Every structure is written in C-alpha cells, then in structure tokens.
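Trainee: I would like a close look at a single part of this assembly, together with whatever that part touches. Please take your time and keep the threads connected.

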Amino acid sequence: MIRGVAAVLIGAALSVSVIAAEIPSSERKSGYDLMAREIRAMQDDDTANPGMLSVLDGEALWTRKAGAAGKSCADCHSDAQSSMKGVAARYPAFDAARGRPIDLEQRINICRSDQQKATPFAFESKDLLALSAYVGRQSRGMPIEIPDDPRLKPFLEAGRDMFNQRQGQLNLSCAQCHNDNWGQKLAGAVIPQGHANGYPMYRLEWQALGSLQRRLRNCLVGMRAVSYALGAPEYVDLELYLMWRARGMPVETPAVRP
Amino acid sequence: MARALINVPAKAKRGDIIEIKTLISHEMETGFRPDNTGKLLPRDIITDFVCKYNGQEIFRAELYPAISANPFFTFTTVATESGTISFEWSGDNGFSATESAKITVE
Amino acid sequence: MTTNNDDMQHATRRRFLIDAAALAGSLGVGLALTTVPASATPESMRGAIRKVLGEASAKKGKVKIDLPPLIENGNAVALTVSAESPMTAADHVRAIHVFTEKNPQPNVVSIYLGPRAGRASVSTRIRLADSQKVVAIAQMSDGSFWSDEIEVIVTLAACLEGV
C-alpha cells in the first residue's frame, strides 16, 4: 500500500502543473478487460448476472401505475425496448428547464413528480436503481455518445477540473490513479481506468447494485476527501465528464465489477 | 416475493442432461457484520433450496452465511418427461419463495 | 444446521487481527484457550467435517473443487464442486459438503444430489473472508467419503468504504 501510494505521488510530482494527460483512445479499456475471467463470465451471462435481478424489478415497475396521475412509465413511453434505446448512452443530458445537465436518475425522478404526480424515489433506493438499470439495459452494446452541445460545455469543464484536481488528505486527483496509473496495483487490486460505462452496476464489494454517484462517493471517501450528498450538482458535472471521457465505449449496464 | 431468475431449457430430448441455473434476490446477511455503531446485524439468510421435477426432489442445498448475496446455483438433471420443474427457497424470519418452469421432453 | 459459535461478538477481520496480535504478543498459546476465537479455526473446520464423517474417514480423490487461485473480491467467488461418478441408482454421489478454514463459520454449503442429476457438478458463489484453505467432502451412495482441498489467495478492494 505504501509503495503504491509512493508510486502514485512520484507520478503526481512529474505531472503536477500539466493538465493530466487523458488516456489515448487506442489505449482505453473498460474495467471489464481488467477483471478476472470468472467475473467477466458473471457479467456476460444474463441468467447469472445479479444486476439482472434489478433489471427485472425495473421491468415490473415500468408498467406499474403510480402517483395521483395514476400513470405508469409505459403509458407515456410504451415499450422501453424501443423508446429507451440509446437513452442511457447519452446521459447526463441538458435539461432546459433547469439550465444544467441532469443524470438519468434525476430524469426518472422528474418524470415521477411532474408526470406521474408521485413522490420522487430516494437516491440509491431499490426502485430508482431498478428503473435506472432497466433503462440502462436498453442501451447495452451501444456506444456512449454525449452530444456536442455548447450548453454542456461549462459543466463538462467543471467535471474535468474536478477529475484533475488534487483533493483530500491524500492529496490525490482521480487522474493520478485512473489516467496515470491504471493497470497497476493498489493494495493488491488492479486500478481500472474508471469509465462510467456500466452503471448502475453490481459491485461485488457492495454485494448490491449501485449508481455511479455511490461509486464516486466511495472514491472520495477512499481518498479521504470531502464527499457530497447524493444528487449534488458536482456529481452530475463529474458524471458528464466521465461519460464524455468514455465516449464511443459500449454501454455494459448492468456491469459486474469486483 | 423475492425476485428470482430461472433458466431451464424449454425443450429437451429424453435422456439428455440439462443444466438449470437459478438466481434469487436476497441479501444473505451473515450475522457477523457490524452496523456503524458496532452492533452486529442479526443473521438473515436463505437456509434451504429445493428443486423438484414433477414433484420429485432432484436437487437440494443447505445454505450457510458463506453463500454470497443473491444466491446463485447451477446444477444438472436428466430430462425424463415433460412437466414442471419447481423451485423453493426458505430461510430465516419465515422467508419463503417459489418459482416454476415448464419443460417439454420429447 | 450447525449452531454458530455464540461468542463471536467482534467477528470483524480487524478485530480478529488485533486480538490475535495481542495474544501472540503477550500471553502465548496456552492462555489463548481462555479467550474466544473471533473466527473459524482449522479446529472448528475439523469439527464441522467430523459432524459429517462421523466415525468414517475421507480418502483424497473423486471430488474436485474449482476456485480461482487468486480472488479479486471475496464477496462473490465462483465455486464449482464436481465428483466423478456414473450417477446411476447403484453408484452416485449422495452429497457434497464444502468447508472453509478461516471464515467466521466453517460450513459453506451442503448439496444433495442423486441419480437424477445426470452429472455431479454444481456451481455457486461463495464468500471467502481471507486467504485460506477450502475443503470439499463428497459422500457416495456406497457410504464412502472422498475429499479435496485447495488453498486460495483473497485480495481486498483497494479503497474500502464505510471503514
């Protein structure tokens, strides 16, 4: 662990005043490529992937009527397999009403309160994750594509800055591990490039399905940096940057990771 | 009832060995994990899983806390006749779940 | 179903390591018997195996454990246990029991098969708390017992949450 941190700090010293170099697109690898054969097999088999249990829950929720309006998702969006195809691959998306990007979970909750007239789901709740997993699953295999929208630019930059900024007691930036030292080991675990291409994902460490925001909170805690409350705009900016960083990579939702 | 994912081939030839895969949603709380005040969270696991083929038991498992969350089992059986393959899980705190699948054997 | 060791009040790995270090450092092996183990030991695994074997002994062979030698996360490890057997009414595997040495509890799973299985091969996902030995005992229809054991290395996630 000490040696790992030292290696990272040395790497950091060398790149201290440079905007940390992004991974060249030819070298980009999904976390899938860096994990053991057995875990890849778990992800590949829909009948063995524990994330699929949430997708099935989401499928059931999709047709369930809710709220004062007594509507289900299906009432407006009919068959998710066609209407939701490609949606998760282009989120976070700009929301004109709010003047800023929102992520998929926020979008689901906006539909819930505005269209269904129901109470929004709590972040990280079983139902919200199930719907997010179900919608995400409809984009599986499709390339991530954040549109070249000028309105997104300032938020994308904010996310990029956060990714590159050193923070916390360990004074580490995301870039130092995930751009500069991916593939190497930190305390016996392989450092992935940190792409957002499979969320919500079933993380073996959690023994549950969780969102990208949950993962980001854990990273911040691991770095001994201050983390934000779930739903904070800082997370969405960072999610936007991460999805942009993973552009072109196929969606793997629901992914399985160690 | 807990969500379960069953994979049984819809059709098989008599005498073929078929593979059955089962996955059920359950946290399998071990009883060894402390909450954030240090108090141990009580054990809450699935303890038994039985599979029957037209009422005859063909597979049984006794589960302990060492089985991962969302218990997954893959096992085999000989396709003997058309009918129903049923699955039953039971456990702590009166947990009970059942699923079934039809199979056509020619 | 075996009863858990009731005194595993502080059965977290950290706690066990602190206790073990303190004992090793100050009291020596003899006095360790007065404190309660915070996890399974090779002895409790042997006890759990003895419950299955009774007076009999198990010969090495016929049953095989398949586990990755290096495990990235001990929360969901793919395990396959299989046994050589024609799986006929006259000659089949009746049961396969799996045990660990260092999990808080020695039993992992007990699987009951029969001639209708066709093949004696079962896969599941298990939790492994530490690098350790895993043992499988198969009971055949003729009453004989066979065993296999394997050593695995379990690594932890680098950035532990909720620490």
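Mentor: Happy to; I will start with chain C, follow its contacts outward, and finish in the chain that it meets on one side.

A word on conventions first. Residues are numbered from 1 along each chain as its sequence is written, while chains are lettered from A and ligands numbered from 1 in the order in which they are written. This is a predicted model, in which local features need pLDDT of at least 70 and side-chain atom pairs count only at pLDDT 80 or more, whereas totals for chains, interfaces and linings use all residues.

For the complex, the predictor gives an ipTM of 0.95 and a pTM of 0.85. Chain C has an average pLDDT (the predictor's confidence in each residue, from 0 to 100) of 81, and 71% of its residues score at least 70. That average hides a spread among the elements of chain C: the lowest mean pLDDT, 49, belongs to helix α1 (residues 13-26) of chain C, and the highest, 98, to strand β6 (residues 107-112) of chain C. Two stretches of chain C call for caution. Over residues 1-11 of chain C pLDDT stays under 50, and the model has 18 contacts there beyond four places in sequence; a contact is a pair of residues whose C-beta atoms, placed from the backbone, lie within 7 Å. Over residues 19-37 of chain C pLDDT also stays under 50, and here the model has five such contacts.

Now the fold itself. Chain C has two helices and nine strands, where helices (H or I, at least four residues) and strands (E, at least two) are DSSP runs, numbered from the N terminus. Along the sequence they read α-α-β-β-β-β-β-β-β-β-β. Of the contacts in chain C with a separation of 6 or more, 68% join residues 24 or more positions apart. Among the 163 residues of chain C, 43% are buried. Buried means 20 or more other C-beta atoms within 10 Å of a residue's own, exposed means 12 or fewer, and partly exposed lies in between, with C-beta atoms placed from the backbone.

Let us move to the neighbours. On one side, 30 residues of chain C touch 25 residues of chain B. Two strands of chain C, β6 and β7 (120-126), each supply at least two residues to that side. By class, the side of chain C has 13 nonpolar, 13 polar and four charged residues. Here Ala, Val, Leu, Ile, Met, Phe, Trp, Tyr, Cys and Pro count as nonpolar, Asp, Glu, Lys and Arg as charged, and the others, Gly among them, as polar. There is strand pairing between the chains too: β7(C) and strand β6 (residues 72-78) of chain B pair in the antiparallel sense over two bridges, pairing being called when DSSP finds at least two bridges between two strands. In this pair, T74(B) has S123(C) as its bridge partner.

The contact between chain A and chain C takes 16 residues from chain A and twelve from chain C. On the side of chain A, the elements that give two or more residues are α2 (37-44) and α10 of chain A, with α10(A) making the largest share at four residues. This side of chain A has ten nonpolar, four polar and two charged residues.

Helix α10(A) leads us into chain A. Chain A is divided into domain 1 (2-11 + 20-45 + 147-257) and domain 2 (51-137), with bounds that come from an automatic or database domain assignment. Their C-alpha centres lie 24 Å apart, and the contact takes 25 residues from domain 1 of chain A and 22 from domain 2 of chain A. On the domain 1 side, two or more residues come from each of β5 (201-203), β6 (208-210), α10 (212-222) and α11 (233-245) of chain A. The largest share there, five residues, is that of α11(A).

Finally, the two strands in that list belong to an open sheet of three strands, ordered β6-β5-β7 (chain A), with mixed pairing. Because β6 and β7 (256-257) of chain A stand at the edges with a single partner strand each, one side of each has no neighbour in the sheet. β5(A) and β6(A) pair in the antiparallel sense over three bridges, and Y202(A) stands opposite L209(A) in β6(A).
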